[in-house]
Amino acid sequence: MTTFSLLDRRGGKHSLIAQPGDTVASVLLRNHIPPTSVLTYSGQERIVVDDHVIDPEQTYEARLIEGYDLAGIRRLFESRDSSAAYIRRRLSVASDGALAMERAPLDLPSAAAHVDTMVRETINEFKLMSDGDRVVLGLSGGVDSGSLLMLLAAHREAEELADVQIEAATFQDFDSKWSETFDFAAALAAKHGVRHHVLEAGLAEEVFHLNRPIAQILMLLMETEDAHFAMYADHHSTRRVLEVFADRVGARKIALGLHTTDLLAGMMNAHTTGFTMGQVPSRTVGPYEYILPLAFTPKRELHLYYTHHTGHAPKQTTPNQWEFNPTDRNFYYYLADQLQWSWPGIETWMFTAHAQHAAAHPAVFKECENCGASVSLQTMADAPWAGVCDVCALLDKHGWIRH
Ligand SMILES: [Zn+2]
């Protein structure tokens with residue numbers, strides 16, 4: 001029988017759970033110990049690597065090399081509560097620095113009610129919507145934008161914002177490929193009293209002066225050395241077309257279904273590359289205000305909300321080719337999920353800190369001469385402003401822009 005123990009810096013020994021076939025790292029991780037915080041010894045004084053498969057005949061001791069209270073932190077994660085479908089956790093940090101893990105067991109209806117309250121508080125606290133607003137919502141029919149539609153409609157009703165106009169817009173490109181999702185988007189909008197518009201497939205071609213359909217361009221881009229820009233080009237063109245649609249209906253606000261995980265992943269990217277990121281949960285981009293009412297709603301809670309209100313789990317569509325490329329984007333999402341697990345509620349702290357930083361460094365915008373998008377100049381960009389945004393420069397490089 002393997003014995004695997006943790007030796008803390010005070011000489012205290014804690015026995016760890018180890019299973020046959022485990023590596024040293026998997027034992028440590030299972031016991032909430034970062035492998036980087038210890039050196040592990042086998043037998044007398046032999047140091048073993050994280051990937052070593054434990055030998056049932058041996059004894060192991062992981063010796064803490066860090067000076068923090070690992071045992072106290074591990075206790076925060078100890079729970080055997082399985083009383084509800086979801087346990088909402090928050091790691092609270094008191095003003096005196098004291099940590100506590102709060103746990104609220106929630107069944108499906110109470111998880112959905114919680115999301116509703118959280119979104120309402122986000123909208124009210126950050127003044128994202130007020131009477132008389134006209135808000136454009138990009139509606140794909142997926143879990144994020146579908147939930148956002150239901151939440152905005154519920155908010156409008158609860159706060160008696162009868163004069164708030166929500167204009168849901170679905171791209172026609174989805175029609176052929178995702179007809180089921182498309183029909184669902186239309187039905188959802190009708191059910192919640194939201195006007196639904198279909199943005200014709202040629203609109204992106206028009207706005208970006210393209211010589212072929214955008215869907216075709218994205219696929220072609222995937223065959224080039226610029227494949228890792230395809231998703232960025234997709235997101236940029238989607239947003240710009242929504243802006244042009246907003247102009248048409250006289251709206252200045254655009255609601256996006258970005259949730260906590262999306263925004264934390266973006267923030268990890270920004271903080272590790274030096275790129276600037278817009279404010280959360282609302283940002284001004286040229287003449288438009290983007291609002292992000294789901295900023296404090298993690299992806300998992302959004303799934304519970306959606307499941308409760310539609311009576312079915314969201315249909316998981318196969319990601320587009322370009323959603324797995326670049327791979328570092330996937331890694332930022334993975335990190336964002338890890339962060340939320342280790343520090344549930346970290347978004348509140350990170351977004352607040354980010355807002356203070358962003359307020360001290362206001363963005364400077366230039367207007368792209370091709371697509372008309374307002375582009376925030378990146379302080380780290382080494383090239384001078386070339387008159388067009390980086391997506392239009394990319395499209396032009398491959399000969400897809402009409403001159
Ligand atoms: Zn452009």
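1. Zinc site, spacing. Along the chain, the donors of the zinc ion follow the pattern C-x2-C-x17-C-x2-C. This is a predicted model, and every value here is computed from it. The coordinating atoms are the SG atoms of Cys368, Cys371, Cys389 and Cys392. Their distances to the zinc ion run from 2.3 to 2.4 Å.

2. Zinc site, geometry. The site is tetrahedral. Angles among the 4 donor atoms span 104 to 117 degrees. For reference, the ideal angle for four tetrahedral donors is 109.5 degrees.

3. Zinc site, placement. Cys371 sits in the loop between β14 (365–367) and β15 (374–376). Cys389 sits in the loop between β15 and α14 (390–397). The two are 18 residues apart in sequence, so the pair ties together separate parts of the chain. Are Cys371 and Cys389 buried or exposed? Both are buried. Cys371 has a relative accessible area of 4%, and Cys389 has 1%. Both values count as buried because the cut-off is under 20%.

4. Disulfides. How many disulfides does the structure have? The count is 0. The rule asks for a pair of cysteine sulfur atoms within 2.5 Å.

5. Open sheet. One sheet has 5 strands, in the order β2-β1-β5-β3-β4. The sheet is open, and its pairing is mixed. Its edge strands are β2 (13–15) and β4 (46–48), each of which pairs on one side only. Neighbouring strands are turned by 35 degrees against each other on average, direction ignored.

6. The β1–β5 pairing. Strand β1 covers residues 3–7 and strand β5 covers residues 59–64. They pair in the parallel sense, over 5 bridges. To fix the register, take Ser5: its bridge partner in β5 is Glu61. In general, strands of a sheet pair through backbone hydrogen bonds, either parallel or antiparallel.

7. Salt bridges, overall. The structure holds 17 salt bridges. Points 8 to 10 take up some of them.

8. A salt bridge within a helix. Arg120 pairs with Asp116, with the closest N and O atoms 2.6 Å apart. Both residues belong to helix α3 (residues 108–125). They are 4 residues apart, so about one helical turn separates them. Arg120 is partly exposed at 23% relative accessibility. Asp116 is buried, at 17%.

9. A salt bridge between helices. Which residue does Lys299 meet in a salt bridge? The partner is Asp144, at 2.9 Å from N to O. Lys299 lies in helix α11 (residues 299–310), and Asp144 lies in helix α4 (residues 143–158). The pair therefore ties together parts that are 155 residues apart in sequence. Lys299 is partly exposed, with a relative accessible area of 28%. Asp144 is buried, with 18%.

10. A salt bridge between strands, and a network. The side chains of Glu167 and Arg195 form a salt bridge at 2.7 Å, N to O. Glu167 is in strand β9 (residues 165–171) and Arg195 is in strand β10 (residues 195–199). With these positions 28 residues apart in sequence numbering, this pair too ties parts of the chain together. Glu167 is buried at 1% relative accessibility, whereas Arg195 is partly exposed at 41%. Elsewhere, salt bridges that share partners join Lys13, Glu45, Glu61 and Arg63 into one network. Glu61 is also the bridge partner of Ser5 in β5.

11. A cis peptide bond. Which peptide bond is cis, with omega near 5 degrees? The bond runs from Val280 to Pro281. Pro281 lies in the loop between α10 (260–273) and β12 (282–285). Most peptide bonds are trans.

12. Positive phi at Glu160. Phi of Glu160 is near 55 degrees, a positive value in a residue other than glycine. Most residues other than glycine have a negative phi. Glu160 lies in the loop between α4 and β9. The residue is exposed, at 68% relative accessibility.

13. Positive phi at His209. His209 is not a glycine, yet its phi is positive, at about 55 degrees. Its place is the loop between α7 (203–208) and α8 (214–221). At 31% relative accessibility, His209 is partly exposed.

Conventions: Residues are numbered from 1 along each chain as its sequence is written. This is a predicted model: local features need pLDDT of at least 70, side-chain atom pairs count only at pLDDT 80 or more; totals for chains, interfaces and linings use all residues. Side-chain values use heavy atoms; hydrogens and water are left out. Two strands pair if DSSP finds at least two bridges between them. Axes are lines fitted to C-alpha atoms, for helices over the stretch in contact, and angles run from 0 to 180 degrees between N-to-C directions. Donors are N, O and S atoms within 2.8 Å of the metal (3.2 Å for Na, K and Ca); water is not among the atoms, so sites may look incomplete. Four donors count as tetrahedral if all angles lie between 85 and 135 degrees; four count as square planar and six as octahedral if opposite donors are over 155 degrees apart and all others between 65 and 115; anything else is irregular. Buried means under 20% relative accessible area, exposed over 50%, partly exposed in between (1.4 Å probe, protein chains only). A salt bridge is a side-chain nitrogen of Lys or Arg within 4 Å of a carboxyl oxygen of Asp or Glu.
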